[in-house]
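Thanks for passing this one along. My comments follow as numbered points, so you can take them up one by one while you look at the model.

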There are 2 protein chains.
Amino acid sequence: MGPTLEKLARTDAGLASALRVSVARLSRRLRTERDPDSDQLSPGQFAVLGLLDRLGEAAVGELAAQERVQPPSMTRTVSCLEEGGYVTRRPHESDRRQVVVALSDQGRAAVEAERRRRDHWLAARLRELTPEERQVLRRAAPVLDKLAHA
Amino acid sequence: MGPTLEKLARTDAGLASALRVSVARLSRRLRTERDPDSDQLSPGQFAVLGLLDRLGEAAVGELAAQERVQPPSMTRTVSCLEEGGYVTRRPHESDRRQVVVALSDQGRAAVEAERRRRDHWLAARLRELTPEERQVLRRAAPVLDKLAHA
DNA sequence: TATTGTTATACTCTATAACTATA
DNA sequence: TATAGTTATAGAGTATAACAATA
């Protein structure tokens, strides 16, 4: 399967297919390589914590749009997270229809703990690569990110 | 955020973190960039079709294990797919407890159509990159795949 | 007796519709 | 009148438990 992908990626036409497959596989692997013990938060709940970590804070509607979820669903998720002490809710300063959600210290800690745990597995795998392969990835990471934001 | 990631990836310690973030972002983007019309199959159902496309054919238990789902759930998913004409079920030749699932022609066509649609978006984004950036990705794809299988 | 798959049933997550409060 | 969020209710999807068939 490796050689096949390599050959595929040589042509411009095949690069998209090869890259998509590789990214999907690695992403799936990274998602499944997580501590089965400390899974108190559902994937959807954790996704919102990660989102808040990136955005700082956000209104319920914005969270719903980002997660491609309907507002009532996000209300429920946020309520669970608030009960668990992971996030706080407060009314928007100027527009009091909106409800602004922000990470609590506990929520931030949960995000960082999960992040460290996932980095741990990947870092170990990276140490098994050759220096040349690591260099390839070092240069590829920003390009992958560029694609993600394109 | 781009420069930050680039700097982070320069050190071995930061590479894991930078790569994980980039792969996760691109994967999310690739997943959301899909035709909203022709979504008759649920994500779980489509995942099984993709799995069968890779494995050729598989027993219900094997599909359940690969998708990290309990056997009764996979039975249900497979039943739906069979009703839709996407897969076939037949008893295993030597061990008649097992039920072997395989893609039908329609199922294979559905997988390939979805695949082409997803490639389309990524191929367009790749054309917007510089030749050097595409070369970086060409070399990175097999390494990403190696990590996924590590 | 152990294993594979299925059926029966309950729970979680998300969606749509109706409602409240604010703009 | 339009918008942001919530509440109420219903529909997928998945899980556990119990069962049937085969090894």
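**Notes on the predicted model**

1. Let me begin with a helix. In this predicted model, helix α7 of chain A covers residues 131–149, which is 19 residues, and spans 28 Å from its first C-alpha to its last, close to the 27 Å expected at 1.5 Å a residue. There is a bend of about 30° in α7(A) at A140(A), and a proline, P142(A), follows within four residues.

2. Now to the DNA. Strand C is surrounded by 21 residues, and the closest are S73(A), R76(A), G61(B), T75(B) and R89(B). Of the atoms of DNA strand C that come within 4 Å of the protein, 72% belong to sugar and phosphate.

3. Several polar contacts on strand C involve phosphate oxygens. A polar side-chain atom of T75(B) sits 2.7 Å from a phosphate oxygen of DNA strand C. With G61(B) the partner is a backbone N or O atom, at 2.8 Å from a phosphate oxygen of that strand, and a polar backbone atom of V60(B) is 3.3 Å from a phosphate oxygen of DNA strand C. The elements that give two or more residues to this surface are α5 (71–83) of chain A and, from chain B, α4 (60–66) and α5 (71–83). With four residues, α5(A) gives the most. By class, the surface near DNA strand C has seven nonpolar, eight polar and six charged residues.

4. What surrounds DNA strand D? The count is 21 residues, with G61(A), T75(A), R89(A), S73(B) and R76(B) the closest. Sugar and phosphate make up 71% of the atoms of DNA strand D that come within 4 Å of the protein.

5. On strand D, a side-chain N or O atom of T75(A) lies 2.6 Å from a phosphate oxygen. Polar backbone atoms of chain A take part too: one of G61(A) is 2.7 Å from a phosphate oxygen of DNA strand D, and one of V60(A) is 3.1 Å from a phosphate oxygen of that strand. At least two residues each come from α4 (60–66) and α5 of chain A and from α5 of chain B. The largest share of the surface near DNA strand D, four residues, is from α5(B). This surface divides into seven nonpolar, eight polar and six charged residues.

6. Finally, the cysteines. How many disulfides does the structure hold over all chains? The number is zero. C80(A) is partly exposed, at a relative accessible area of 35%, and C80(B) is partly exposed, at 37%.

Technical notes:
Residues numbered from 1 in each chain as written. Chains lettered and ligands numbered in written order. Predicted model: local features only at pLDDT ≥ 70, side-chain atom pairs only at ≥ 80, totals over all residues. Heavy atoms only, no water. Disulfide = S-S within 2.5 Å. Buried < 20%, exposed > 50% of the residue type's maximum accessible area, 1.4 Å probe, protein only. Expected span 1.5 Å × (residues − 1). Bend = angle between axes of the 7 residues up to and from the residue. Near = heavy atom within 4 Å. Polar contact = N/O pair within 3.5 Å; in protein donor to acceptor, adjacent residues only side chain to side chain. Nonpolar A, V, L, I, M, F, W, Y, C, P; charged D, E, K, R; others polar.
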